[in-house]
Amino acid sequence: MLTEGDPRLARLLDGIVRLAAGELDTRIELSPARDEIDAVIMGTNLLAEDLQTMYQELEERVASRTQALHQAHLEMRHMAMTDPLTGLFNRSALVQALEEAQVEEADGGQSPALLLVDLDAFKSINDSMGHSTGDQVLVIIGDRIRSAVRKGDTVARLGGDEFAVLLPGATPAEATTIGGRVLAALDQVIEIDGKSLRCGASMGLRMAEPGQTAEDLLMEADIAMYESKAEGRNKLKAFEPSMLHARQLRTQLVGELKDAIIESQLVLYYQPIIALATGEIEGAEALVRWKHPTRGMIMPDEFIPIAEETGLISELGNWVLRNSVDQLRRWRTDPATSRHKFSMRINVSAADLQRLEFIEDVRDTLAAAGLEPAQLVLELTESSIIQGDELDRYTLASLERLGVGMEIDDFGTGYSSISYLRRLPVDTVKVDRTLLSALGSDPAQPALIAAVLQLIRACGLEAVWEGIETAEQAEYLRSIGCTSGQGYYFSRPLPEAEFTEKLRRLDVWPG
Ligand code: C2E
Ligand code: CA
Ligand code: CA
């Protein structure tokens with residue numbers, strides 16, 4: 001019976017209040033009476049029990065959800081920080097690691113060092129063997145870099161074929177040693193699908209300086225890397241402030257080159273190609289120079305690479321084509337020079353072969369000047385054709401059909417095989433001047449020169465020998481059956497007026 005003042009009612013009330021406040025382990029004591037009040041107490045306890053179980057389950061579910069969320073967050077972070085192909089860190093992770101290393105250095109640690117690695121032959125591997133092989137190469141390279149560095153070093157792929165290693169603390173000597181180890185590992189042969197490849201790499205090193213931003217560090221390591229690439233394969237170069245200056249100069253030249261083409265600051269010099277047996281002129285090679293308004297004469301080795309990298313090479317090439325062909329027309333029609341029958345030789349860059357309009361440009365320019373296609377010879381470097389793809393082959397075949405002459409330039413500096421040369425639509429090979437430089441000092445050189453000439457002949461091609469500087473060299477080459485030569489012995493490259501003067505005066509060179 002419900003009686004006022006029953007102490008169980010107070011306990012019941014108190015229990016319900018505590019349960020409502022969230023103390024789910026609260027249980028209300030039963031009395032020995034086992035009456036209706038005890039029944040309500042029992043029911044309340046059962047509800048409390050259920051409530052507690054439900055609550056615990058809910059908490060567990062929330063905990064596991066939280067855990068899953070955390071995991072997903074970690075994975076996302078990992079994904080945002082890694083390069084999916086190689087599993088290495090990516091650029092933003094590297095920048096973060098660089099910033100952390102800089103902070104540690106500021107706290108009294110050793111200064112971090114950054115190595116930037118760029119593969120030398122990746123583009124041609126990718127182009128010739130396909131992207132899936134290219135990807136495999138990148139994965140192998142990533143593994144090799146990782147095994148060549150120390151445990152605490154960070155290896156990242158920055159994109160393409162560019163990798164970086166952050167050494168959180170290293171002396172310049174240590175960084176150089178580790179860099180050398182990475183280069184040695186990357187120079188090893190790579191075996192893929194039964195094929196052996198060798199990629200090689202160039203490396204730039206930048207020791208961090210206090211207060212330097214990660215972006216500056218990367219930029220300066222990049223500059224050092226470019227310098228090492230320019231020096232040849234498998235080199236490591238440490239950043240020097242003078243490199244920054246050279247880069248600035250380059251950037252300036254890039255800006256100015258465009259105007260140079262428009263404002264006709266370019267000039268052509270001409271160097272004769274001579275028939276060794278008679279001393280008569282067979283050809284004139286057009287060699288471009290840049291008459292810079294403030295820097296003086298700039299030689300092509302300094303600005304052709306810039307023109308190639310910035311895409312200005314096709315405009316430049318077109319300028320050379322039009323001006324040289326027009327010059328040949330003038331020499332052919334001028335009564336003082338028209339007795340010489342020689343062709344114009346121009347240097348063609350790999351980028352030109354990639355332009356379909358190039359074929360039309362050549363045809364139209366020749367037609368406008370009233371010249372036969374055979375009066376123009378295109379000098380193509382080995383590397384520009386050897387790396388050739390479908391488009392290159394199409395352009396070469398079209399040019400051959402057009403009837404212009406084609407010549408391999410700088411022969412002997414590349415890697416092309418003789419059998420490859422035989423398949424190309426070329427009729428002459430210009431042998432690089434370095435193959436002649438040791439003639440006279442090296443007793444083995446004459447035999448090498450004779451062998452190279454024999455090889456070219458065996459392919460049904462004629463040779464033009466470049467870099468002839470003495471009468472002895474000219475005579476030796478003539479004696480072994482080389483038909484044509486070019487070099488300072490006959491004439492240096494000359495400006496138009498001087499070349500015209502020589503044509504007027506001379507019948508045989510050097511005269
Ligand atoms: P290249 O086609 O191998 O040109 C021959 C280079 O050797 C010229 O240098 C020439 O001055 C130099 N030379 C000639 N005879 C001798 C010699 O007896 N001894 C020595 N030591 N050198 C000799 P240059 O004019 O500085 O040209 C350098 C390179 O620039 C050329 O090498 C060619 O690859 C490139 N080039 C020049 N003009 C053009 C152009 O109009 N278009 C393109 N795409 N490249 C060009
Ligand atoms: Ca040439
Ligand atoms: Ca050459």
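How far apart are the calcium ion (ligand 3) and the calcium ion (ligand 2), and which aspartate coordinates both? In this predicted model, the two ions lie 4.1 Å apart. The shared residue is aspartate 409.

The calcium ion (ligand 2) was examined with its donors. Its coordinating residues are Glu285 (OE), Asn347 (OD1), Glu379 (OE) and Asp409 (OD). The distances run from 2.1 to 2.3 Å. Along the chain, these donors follow the spacing E-x61-N-x31-E-x29-D. Distant parts of the chain are linked here. Glutamate 379 belongs to strand S12, residues 376-381. Aspartate 409 belongs to strand S13, and the two residues are 30 residues apart. Glutamate 379 and aspartate 409 are both buried.

The calcium ion (ligand 3) has its own set of donors. Asp409 (OD) and Asp410 (OD) take part in the coordination. Glu466 (OE) is listed twice among the donors of this ion. The distances here run from 2.2 to 2.8 Å. The donor spacing along the chain is D-D-x55-E. Again, distant parts of the chain are linked. Aspartate 409 sits in strand S13, while glutamate 466 sits in strand S15, residues 462-466. These two residues are 57 residues apart. Glutamate 466 is buried, as is aspartate 409.

Ligand 1 was considered next. Its shell holds 22 residues. The closest are Gln271, Arg289, Arg433, Glu469 and Tyr488. By class, the shell has 9 nonpolar, 8 charged and 5 polar residues.

Several polar atoms of the protein face oxygen atoms of ligand 1. Glutamate 285, a donor to the calcium ion (ligand 2), places a polar side-chain atom 3.2 Å from an oxygen atom of ligand 1. Aspartate 410, a donor to the calcium ion (ligand 3), also has a polar side-chain atom 3.2 Å from an oxygen atom of ligand 1. Tyrosine 488 contributes through its backbone: a polar backbone atom lies 2.8 Å from an oxygen atom of ligand 1. Taken alone, ligand 1 exposes 800 Å², and the protein buries 88% of that area.

Three elements give two or more residues each to the shell around ligand 1. They are strand S9 (281-292), helix H9 (300-310) and strand S13 (405-411). Strand S9 gives the most, with 4 residues.

Methods
Residues numbered from 1 in each chain as written. Chains lettered and ligands numbered in written order. Predicted model: local features only at pLDDT ≥ 70, side-chain atom pairs only at ≥ 80, totals over all residues. Heavy atoms only, no water. Near = heavy atom within 4 Å. Polar contact = N/O pair within 3.5 Å; in protein donor to acceptor, adjacent residues only side chain to side chain. Areas by Shrake-Rupley, 256 points an atom, 1.4 Å probe, with all protein chains shown as cover. Nonpolar A, V, L, I, M, F, W, Y, C, P; charged D, E, K, R; others polar. Donors = N, O, S within 2.8 Å, 3.2 Å for Na, K, Ca; no water. Buried < 20%, exposed > 50% of the residue type's maximum accessible area, 1.4 Å probe, protein only.
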